[in-house]
Amino acid sequence: MSKIPGWLRWLPVTLGRGAKNAVFRALGPLVRGRAPRGPLAPRRILVLQLQQLGDSVIFTPTLRALRERFPEATIDLLASPVAAQIYRKSPYLNRIVVARSWSTAPGGTRIRPMLPLLRELREAGYDMTVTDLAQQSFKYTLVARLIGAPARVGFDIGGRGFLHNVRVPFRADAQWVDANLDIVRTLGGTPRSDREEVAFDATDRARVEALLDVEESRAGKPLVVMHTGSNWQSRTWYVERWVSLADTLGSRHGATIVFVGGAAEKEYVERIRAGMTRRSISLAGVTDIPQLAALCTIADVFVGTDSGPRQIARASGCPHVVVMSAQDDTDRWAGWGRGEVVVRSFPPCHGCYYAHCAHKICMDAIETDRILAWVEALLADKSARTAASRQERLGIPPRLEPMAAKGKAALRVLAHGPASPD
């Protein structure tokens, strides 16, 4: 039997998703229940943060605004393990409950193992649950409903949030950090800032400086932090280009190159370091998230893929260059951060939202010299930390034009071939 083409395997998934959304829309008016009458004045609020790293960082302005709106309320967090790290030292929370059985991987979550924890939370008697924009899937809505709070605040997109009874208007053209702030606006608050933050303390800063051995490794020369990995293969760049970028910054500027990332990214980082001729430091799998935030505050420039550490760099006020794929077709992850430069291309297949891609034409179109030019510009600019967000939209280079000429449909079919190891 011949192998089923990748695009055909996606067809039942797409049809099934459409059918589910239609059912959700029909059920909404029947089962969501009435919203509490009158102004909401919750005493106990449970915020859901069960998503991935970057999603959690962009929610931090909303959490701060939620605390300002309800200064006397108890605000607890139900968090995935990675989100718990983001908020571990947050001054806006009373308690963090870690959902250790929750997986942020696509298809990796099951509600059943969480039922004992959800029963405990139900008994705690929360007045309100808050679910943010990144948690659009029905599973998040169901978790909020099982907790039993009278007021369930969240977005209802495609009918998937039909169990929320305090629904936040969704602005499709808004950047996500501002769209999340609509939660507080719906609750009668006026957010004062969209500034992201990741809290850390002096012990985190001291730990980072000890790891770097600052006096020896920097000696007044620039510190460049690089995050080369991603949970999505389609968002990764190429080993040889990271090698070229890092070595050139070392030779031209005497830069100290520090690689960061999770333990799972150590092997990829070591592949890059093995190809380099200049000395570098790897902290992949060594630092936790508050320590990464501390590192970003002392770094001169951060360079990375469109992944969670990029959001931490922005929250920490570090000038940063993002090597960004075109698989996400909107600007919802860019445009509000100071010192931010996003470099991306737009081949015919842009907006595919594929986690894996065999050709990665959008990343292949980003040449090393463009990233190098932006890093050097930020190193030379004393006002880089406060500069407005910028975006460079690259054309398709001549060497890739025959590939691009295949068109959107063909490129999306070819994406399902054997994926590059990078």
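Phe 259 stands opposite Ser 282 in strand 9. Strand 9 runs parallel to strand 8 (residues 256-260), and three bridges join the two. Strands here are DSSP runs of E with at least two residues, helices are runs of H or I with at least four, and both are numbered from the N terminus.

A word on the source. This is a predicted model, in which local features need pLDDT of at least 70 and side-chain atom pairs count only at pLDDT 80 or more, while totals for chains, interfaces and linings use all residues. Residues are numbered from 1 along each chain as its sequence is written, and side-chain values use heavy atoms, with hydrogens and water left out.

Back to the sheet. Strands 8 and 9 belong to an open sheet of seven strands, ordered 9-8-7-10-11-12-13, with parallel pairing. Two strands pair if DSSP finds at least two bridges between them. Which strands stand at the edges? They are strand 9 (280-282) and strand 13 (390-394); each has a single partner strand, so one side of each is left without a neighbour in the sheet. On average, neighbouring strands are turned by 20° against each other, direction ignored.

Helix 10 (residues 266-275) packs on this sheet and touches strand 8 and strand 9. Contact means heavy atoms within 4.5 Å. The direction of helix 10 makes about 170° with that of strand 9. Such angles run from 0 to 180 degrees between N-to-C directions, with axes fitted as lines to C-alpha atoms, for helices over the stretch in contact.

Next, the other sheet. An open sheet of six strands has the order 3-2-1-4-5-6, again with parallel pairing. At its edges are strand 3 (95-98) and strand 6 (166-168), each with a single partner strand, so one side of each lacks a neighbour in the sheet. Strand 2 (residues 74-79) is joined to strand 3 by four bridges, and Leu 78 has Val 97 as its bridge partner in strand 3.

Two helices lie across these strands. Helix 5 (residues 138-147) crosses over strands 1, 2, 4 and 5, running at about 155° to strand 1. Helix 6 (residues 176-186) lies across strands 4, 5 and 6, at about 140° to strand 6.

Last, a helix pair. The axes of helix 9 (residues 239-253) and helix 14 (residues 368-380) come within 10 Å and cross at roughly 35°. The residues of this contact divide into six nonpolar, four polar and three charged. Nonpolar means Ala, Val, Leu, Ile, Met, Phe, Trp, Tyr, Cys and Pro; charged means Asp, Glu, Lys and Arg; the others, Gly among them, are polar.
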